[in-house]
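The following exchange asks how certain descriptions of a model are justified. Each answer sets a value against its criterion.

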Amino acid sequence: MSIENRMNELIDLINYHNEKYYNQDEPEISDFEYDNLMKELIKIEEENPELKRIDSPTNRVGGKPLDKFEQIVHKIPMLSLSNAYSGQDLRDFDKRVRDMVNGDVEYVVEFKIDGLSVGLTYNDGVFEKGATRGDGVVGEDISKNLMTVKTIPLKIEEDNEIVVRGEVYICKENFHKINAQQEEAGLQLFANPRNLAAGSLRQLDSKLTAKRPLDIFIFNLEHGENLEFESHSESLEFLKSQGFKVSPNYKVCNKIDEVIDYIEYWTKNRGNLDFEIDGMVIKVNNLKQREVMGYTAKSPRWAIAYKFPAEQKKTKIIDIIVEVGRTGTITPTAVLEPVRLAGTSVSRATLHNEDYIREKDIKINDVVLVQKAGDIIPQVVEVIKEERTGDELAFEMPKKCPVCSEPTVRLEGEVAVKCINMSCPAQIRRGIIHFVSRDAMNIDGLGESIITLLLNEKIIEDVADLYSIKKEDVVNLERMGDKSANNLVKSIKKSKENDLWRLINGLGIKFVGVKGAKILAKNFDSLDSIIKASFEDLINLEEFGEIMAKSVIEFFKEEKNLNVIDKLKNAGVNMNAEDDSNNDIPKIFEGMKIVLTGTLPTLKRNDAKEIIESRGGKATSSVSKSTTFVLAGEEAGSKLTKANELGIKVIDENQFIELAKLETKEDVKNNL
Ligand SMILES: NC(=O)c1ccc[n+]([C@@H]2O[C@H](COP(=O)([O-])OP(=O)(O)OC[C@H]3O[C@@H](n4cnc5c(N)ncnc54)[C@H](O)[C@@H]3O)[C@@H](O)[C@H]2O)c1
Ligand SMILES: [Zn+2]
């Protein structure tokens with residue numbers, strides 16, 4: 001594969017996992033694997049700067065804000081942090097800093113809290129609004145939910161406008177308590193405290209959020225009208241005096257050695273904290289020096305996050321079992337002698353695939369080193385060969401599917417061993433679970449156990465059969481009853497009217513998550529047109545990569561999939577895209593032609609374009625008499641001259657962001 005293709009493939013993969021992680025709070029791979037994809041991409045881009053794509057995820061922060069929430073354009077962009085993994089990385093950082101500012105540098109070292117980043121705005125001494133980071137420029141308005149967090153002050157003394165940033169988290173004890181409750185109720189467990197905090201805060205119903213014992217640590221004053229501070233530590237003390245719960249144990253250090261010592265101390269002692277930290281953040285203390293250093297597209301140059309190495313323990317592999325996933329992939333998992341790691345008892349580790357097992361030479365009964373690094377499932381780091389006794393058993397991937405007994409295959413160029421039997425019950429079951437899930441058809445009352453019952457009783461054989469379920473079919477099932485049966489039938493019926501993207505996501509096309517589904521629904525008028533689309537049609541869609549396009553084509557080639565779609569159509573399930581005129585963002589730029597030119601200081605071109613288009617405006621590239629206004633950045637050049645000639649208003653990014661926050665078209669006109 002050429003370097004460029006590999007780069008594009010990595011971008012597709014990273015975008016896919018970003019969507020899962022940031023928007024659905026359901027990561028599919030571990031942070032370790034994710035970070036490796038990212039590192040590979042960064043390396044390719046550094047070595048081949050001419051190939052680097054402007055929309056590369058290495059330029060981006062977080063995920064797109066979800067449109068189920070109101071969107072907020074941040075007053076100050078909410079950025080991410082660059083990473084350090086070793087003392088050497090920190091010394092390199094120190095050197096970069098010293099090269100940029102002349103003179104002494106003081107650092108503040110803080111906990112890196114493992115939670116969800118939020119920005120809080122206060123005006124006239126009152127909490128006004130709060131938002132998630134989103135893509136760094138636009139976040140989700142979660143004010144109501146934040147108000148349920150008891151440690152967020154609703155009133156402060158300071159009556160100038162201030163914006164603070166902090167991390168909403170859940171303490172270890174409550175995390176375990178809630179997971180225990182989930183387990184008892186047969187619900188899915190939360191992978192880590194970050195996931196739980198994020199999932200709780202992004203509920204549409206704040207009553208649900210209120211039930212979760214969330215907490216917050218504030219770690220930065222982002223903006224303070226008429227407030228002047230010399231240093232970050234001074235501003236943290238100010239925040240404390242205003243009643244904010246400022247992240248504790250921060251330390252001002254004069255030398256990088258002191259920074260490293262302090263980090264070492266917490267590497268050893270973090271287990272004693274009652275909340276989870278995944279590293280330490282090192283920041284330049286002097287605010288003037290920060291200004292000199294500035295920002296990259298993704299993060300400030302004056303700060304770095306040191307990530308703790310994963311905690312590792314020795315244990316024994318008792319067995320290796322396999323499971324069949326929704327796409328037929330057979331995944332091996334190690335069953336471990338339980339061991340405590342990073343605060344939880346661990347009894348499974350993912351083994352990924354056949355090659356992984358072979359490369360690491362993993363056998364049943366081996367003693368292995370396992371680790372967990374903010375990960376979902378722990379991993380096997382290595383086999384401790386010295387402890388082999390001769391009782392070890394080699395593991396072979398099954399030649400037959402453990403569920404349907406059809407022969408398994410490993411396709412050329414793929415690492416996965418698969419069951420490709422389209423009627424394999426394991427695949428069908430997972431497929432149905434996905435189809436009804438919250439981000440797909442969102443059918444209430446169809447838990448995993450009920451789906452299993454429906455399949456076992458042969459009431460359904462595929463997702464389309466759901467639509468012929470009658471109350472009589474289900475009322476007598478275990479744990480059903482009159483009321484649940486009624487509700488279930490109602491909720492199935494209701495789902496027929498869902499937006500097209502829900503159906504597309506529900507079909508479970510590989511690599512096409514919610515985001516991909518939305519792109520398809522936005523660009524085609526119906527499922528039929530998507531089925532007819534060519535590879536070229538698909539690859540030309542913005543943010544739709546090669547892997548996704550290929551996967552869509554493959555999916556609709558399959559006769560069986562087309563049959564299910566026909567059945568769904570006959571059942572009356574909506575197959576048409578709606579015109580997207582009815583979303584919640586006010587159409588304040590409706591009918592306006594806005595020209596984008598030059599490089600903006602913080603917004604990327606696509607972001608600016610999206611802000612314009614989501615508000616009903618048209619982003620164009622050439623200035624004419626009909627242009628409403630020009631948004632100009634640095635080196636705007638000839639378009640600027642033309643605008644001036646024609647007497648067309650030119651605004652900068654700050655003014656544009658202010659405009660974007662307005663509520664009506666009239667307000668925009670009045671402010672131009
Ligand atoms: N598993 C997956 O599929 C997947 C997908 C995407 C991202 N990720 C993981 O997420 C991470 C990237 O996420 P990110 O962009 O949020 O970066 P990050 O978590 O590495 O660091 C930035 C965040 O740290 C937080 N923070 C906590 N304490 C802080 C303090 N004292 N000062 C400043 N900031 C503080 C901030 O909120 C900020 O948003 C990566 O490590 C990656 O592994 C995983
Ligand atoms: Zn099978």
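Q: In this predicted model, what is the bridge partner of N83 in β11?
A: N83 is bridged to A305 of β11.

Q: What makes β2 and β11 a pair of strands?
A: Pairing requires at least two bridges between the strands. Two bridges join β2 to β11, so the criterion is met. The two strands run parallel.

Q: How do you know that β10 and β11 are paired, and in which direction do they run?
A: Strand β10 (residues 277-284) is joined to strand β11 (residues 303-307) by five bridges. Because at least two are required, the two strands count as paired. They run antiparallel. Within β11, K307 is the bridge partner of G279, and I304 stands opposite I282.

Q: Why is the pairing of the five-strand sheet called mixed?
A: The strands of this open sheet follow the order β2-β11-β10-β3-β9. β2 runs parallel to β11, whereas β10 and β11 run antiparallel. Strands of a sheet may pair in either way, through backbone hydrogen bonds.

Q: What makes β2 and β9 edge strands?
A: β2 (83-84) and β9 (251-253) each have a single partner strand, so one side of each is left without a neighbour in the sheet.

Q: How does the span of helix α9 compare with the expected value?
A: Helix α9 (residues 256-269) has 14 residues and reaches 20 Å from its first C-alpha to its last. This is close to the 20 Å expected at 1.5 Å a residue.

Q: Which residues of α9 are buried, and why are they placed on the same side?
A: I256, V259, I260, I263 and W266 are buried, a term that requires 20 or more other C-beta atoms within 10 Å. These residues cover an arc of only 125° around the axis, which puts them on the same side of α9. In an α-helix, residues three or four places apart point the same way. On the other side of α9, E264, K268 and N269 are exposed.

Q: Why is ligand 1 said to lie between two domains?
A: Domain 1 (3-59) and domain 2 (71-307) both contribute residues to the shell around ligand 1, so the ligand lies between them. The ligand is surrounded by 24 residues, the closest being H17, Y21, D31, S80 and S117. At least two shell residues come from each of α1 (3-23), α2 (31-47) and β3 (107-113).

Q: What is the chemical character of the shell around ligand 1?
A: The shell comprises ten nonpolar, seven polar and seven charged residues.

Methods. Residues numbered from 1 in each chain as written. Chains lettered and ligands numbered in written order. Predicted model: local features only at pLDDT ≥ 70, side-chain atom pairs only at ≥ 80, totals over all residues. Near = placed C-beta within 6 Å. Helix = DSSP H or I, 4+ residues; strand = E, 2+ residues; numbered from the N terminus. Nonpolar A, V, L, I, M, F, W, Y, C, P; charged D, E, K, R; others polar. Domains from an automatic or database assignment. Expected span 1.5 Å × (residues − 1). Buried ≥ 20, exposed ≤ 12 C-beta atoms within 10 Å, placed from the backbone. Arc of directions from axis to C-beta.
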